[in-house]
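Reader: I'd like to learn how to read the features of a model such as this one. Could we go through it together?

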Protein chains: 2
Amino acid sequence: MSTLTLPESIPSPIQDSEQLQKAFAGWGTNENLIISILAHRDSAQRKLICEAYLETYGEDLLKSLEKELSSDFERVVFLWTLDPAERDAILACETLKKWNTSNRILIEIACARSSHELFLVRQAYHARYKKSLEEDVAAHVTGNFRKLLLPLITSYRYEGAEVNMTLAKAEAKTLHEKIEGKTHNHEELIRILTTRSKAQLNATFNHYNSEFGTPINKDLKSDPKDDYLSALRAAIKCMTRPEKYFEKVLRLSINKLGTDEEALTRVVTTRAAVDMKLIMEEYYRRNSFPLDQAIISDTSGDYKEFLLALVGHGSS
Amino acid sequence: MSTLTLPESIPSPIQDSEQLQKAFAGWGTNENLIISILAHRDSAQRKLICEAYLETYGEDLLKSLEKELSSDFERVVFLWTLDPAERDAILACETLKKWNTSNRILIEIACARSSHELFLVRQAYHARYKKSLEEDVAAHVTGNFRKLLLPLITSYRYEGAEVNMTLAKAEAKTLHEKIEGKTHNHEELIRILTTRSKAQLNATFNHYNSEFGTPINKDLKSDPKDDYLSALRAAIKCMTRPEKYFEKVLRLSINKLGTDEEALTRVVTTRAAVDMKLIMEEYYRRNSFPLDQAIISDTSGDYKEFLLALVGHGSS
């Protein structure tokens with residue numbers, strides 16, 4: 001489901017880092033060369049390139065990229081080149097520094113990654129910031145958002161497919177009671193959403209829908225302007241239908257007056273190697289317009305080229 | 001700080017498993033042979049023995065031990081032979097099945113292990129029980145205990161030695177306010193205890209003591225019969241002075257009318273390879289009587305011999 005395209009024969013990490021060094025050398029930077037390499041290597045390959053570059057030139061490749069590139073192109077290359085767990089740790093830390101209740105990045109990291117990937121983010125956070133992700137979440141976030149985000153970000157959900165239908169029915173009922181009673185911050189509701197496996201939750205939400213006649217996310221829209229309700233819906237969407245969640249983020253980032261490059265860059269760099277194909281199918285279904293064409297209309301220059309390379313434009 | 005003693009030359013795992021098989025064969029079991037092997041191998045060696053035994057005899061060594069041994073001796077050999085993370089997962093699961101508020105095992109697992117060890121317990125729990133540790137804690141534990149135990153058991157604390165003194169002072173003040181106001185279940189108090197690194201908490205508790213004139217654990221004794229307060233004290237003790245915490249558990253398990261074998265076995269098997277030397281020093285300091293002598297007076301037979309082997313009796 002990845003849109004990443006790799007060349008048939010992959011140069012060695014040393015060859016790649018030599019080419020990158022050439023792209024930086026002399027007057028001007030050879031952006032096309034950078035794109036042709038970095039946008040077509042998977043995370044393991046990029047890691048080896050970073051190591052080879054550091055060994056050969058004594059400099060961090062990410063630092064060199066920062067020096068040579070600028071604005072949206074710099075950002076997309078930087079985020080993409082990072083190891084995925086490191087990237088999420090950086091996104092989480094940036095988010096916490098300018099925390100506001102409409103921010104959904106922590107929910108994406110907590111709910112749209114595998115349990116082990118989320119654990120690797122927490123490890124990367126330790127290494128980079130000399131503290132834990134949860135202590136920063138706990139210190140920066142307050143109220144209902146803290147009640148929800150802390151258990152989400154510290155979760156290590158079971159990932160098997162086993163489902164307990166009796167439990168699903170009981171917990172669908174609990175969720176319905178709390179939502180009907182408008183106690184959306186009830187600890188039982190939060191407990192269910194933050195500890196059960198995704199397979200189990202899926203069964204619970206399905207039962208909710210068939211038993212009570214409305215999808216849970218529709219019932220969580222009673223006040224469309226309530227940021228906390230929107231966070232609950234985002235968490236549920238990220239866990240059950242991430243491609244629909246990310247389609248919507250892309251749609252809103254592109255349909256705006258003025259593109260939201262921040263969101264566009266984040267979604268493309270974090271999902272290209274995961275499920276971008278599904279997201280693009282969903283995008284086409286929802287907008288009757290292909291995502292790569294939307295990117296072409298909305299962005300320009302090297303930034304556009306890099307995004308198009310990541311979404312596999314012209315590759316099939 | 002381990003009391004584990006290994007022979008100078010260690011037999012191969014295949015040789016060890018052959019000897020164990022011999023110990024089980026024929027009429028009666030050769031308990032001394034079992035003790036001489038299993039009580040003198042570290043966890044990596046025991047794991048290899050289990051693998052060799054399974055490969056050679058097509059049976060799980062732990063199952064064979066269960067069949068051949070009984071009562072307290074069976075329990076100590078079983079718990080000791082297990083991989084440490086697996087052992088903790090089993091202890092946690094057993095505890096949750098008969099959960100009561102005076103139980104401290106989950107606190108020991110959450111607070112007296114390293115962050116990575118705790119994560120390995122969560123992984124072992126997935127593999128063994130097809131669900132997550134936190135969902136079982138959340139489903140079985142209620143009220144203040146859930147508020148405390150859920151973030152404790154899902155924590156992944158930073159383990160570096162860095163300390164922020166400004167933060168330590170501010171949070172010592174917060175803790176003091178909440179304790180003085182008897183709001184021991186306040187989310188700020190729980191946030192501090194469950195997210196900060198052990199080094200940071202140590203600085204906070206030191207400042208608490210010097211600024212307010214009493215150690216925090218003394219202030220948390222306002223109602224000595226309150227199980228929740230006792231749980232808070234246990235968490236703090238396990239994080240800052242685990243050897244003092246475990247000395248007390250041993251003291252109470254031995255000084256009872258009738259030994260508490262459950263606790264004695266648990267502490268010896270979980271701490272022998274960690275800090276049993278420190279615990280024994282602390283025990284001697286506190287009781288003017290050596291722990292191994294107390295074990296000799298209080299237990300008997302193969303169970304006694306196994307415990308003595310684990311605490312390094314007669315080895316120095």
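Author: Gladly, and let's begin with contact, which means heavy atoms within 4.5 Å. By that rule, 26 residues of chain B are in contact with 26 residues of chain A. Before going on, note that this is a predicted model, where local features need pLDDT of at least 70, side-chain atom pairs count only at pLDDT 80 or more, and totals for chains, interfaces and linings use all residues. Residues are numbered from 1 along each chain as its sequence is written, chains are lettered from A and ligands numbered from 1 in the order in which they are written, and side-chain values use heavy atoms, leaving out hydrogens and water.

Reader: How much area do chain B and chain A bury between them?

Author: Buried area is the accessible area (1.4 Å probe) that two parts lose on being put together, summed over both. Here chain B and chain A bury about 2,500 Å², with 53% of it on carbon and sulfur atoms. On the chain B side, Glu135(B), Tyr156(B) and Tyr158(B) lose the most area to chain A, together 26% of what that side buries.

Reader: How many salt bridges does the rule find across the interface of chain B and chain A?

Author: Side chains of opposite charge can pair when their charged atoms come close. The rule asks for a side-chain nitrogen of Lys or Arg within 4 Å of a carboxyl oxygen of Asp or Glu. Across this interface it finds six, while a search of the whole structure finds 42 over all chains. Arg146(B) forms one with Glu188(A), the closest N and O atoms being 2.6 Å apart. The side chains of Arg146(B) and Glu187(A) also meet in a salt bridge, at 3.2 Å from N to O. That pair crosses between chains, from helix 10 (residues 143-153) of chain B to helix 12 (residues 187-195) of chain A; helices (H or I, at least four residues) are DSSP runs, numbered from the N terminus.

Reader: Is Arg146(B) buried or exposed?

Author: Buried means under 20% relative accessible area, exposed over 50%, and partly exposed in between (1.4 Å probe, protein chains only). Arg146(B) has 7%, so it is buried, whereas Glu187(A), at 37%, counts as partly exposed.

Reader: Now a helix, please. Which residues are buried in helix 8 of chain A?

Author: An α-helix has 3.6 residues a turn, so residues three or four places apart point the same way. In helix 8 of chain A, the buried residues include Ser115(A), Leu118(A), Phe119(A) and Arg122(A). The buried residues of this helix pack against helices 6, 7, 9 and 10 of chain A, together with helix 8 of chain B. After helix 8 of chain A comes Lys130(A), whose phi is positive, near 60 degrees.

Reader: What does Arg122(A) meet in a salt bridge?

Author: Its partner is Glu134(A), at 3.2 Å from N to O. The pair links helix 8 to helix 9 of chain A, 12 residues apart, and both Arg122(A) and Glu134(A) are buried.

Reader: One last residue: what does His176(A) touch?

Author: Leaving aside residues up to four places away in sequence, His176(A) touches Tyr208(A), Phe212(A) and Asp219(A). His176(A) lies in helix 11 (residues 165-180) of chain A, and its relative accessible area is 15%, so it counts as buried.

Definitions and conventions. Helices (H or I, at least four residues) and strands (E, at least two) are DSSP runs, numbered from the N terminus.
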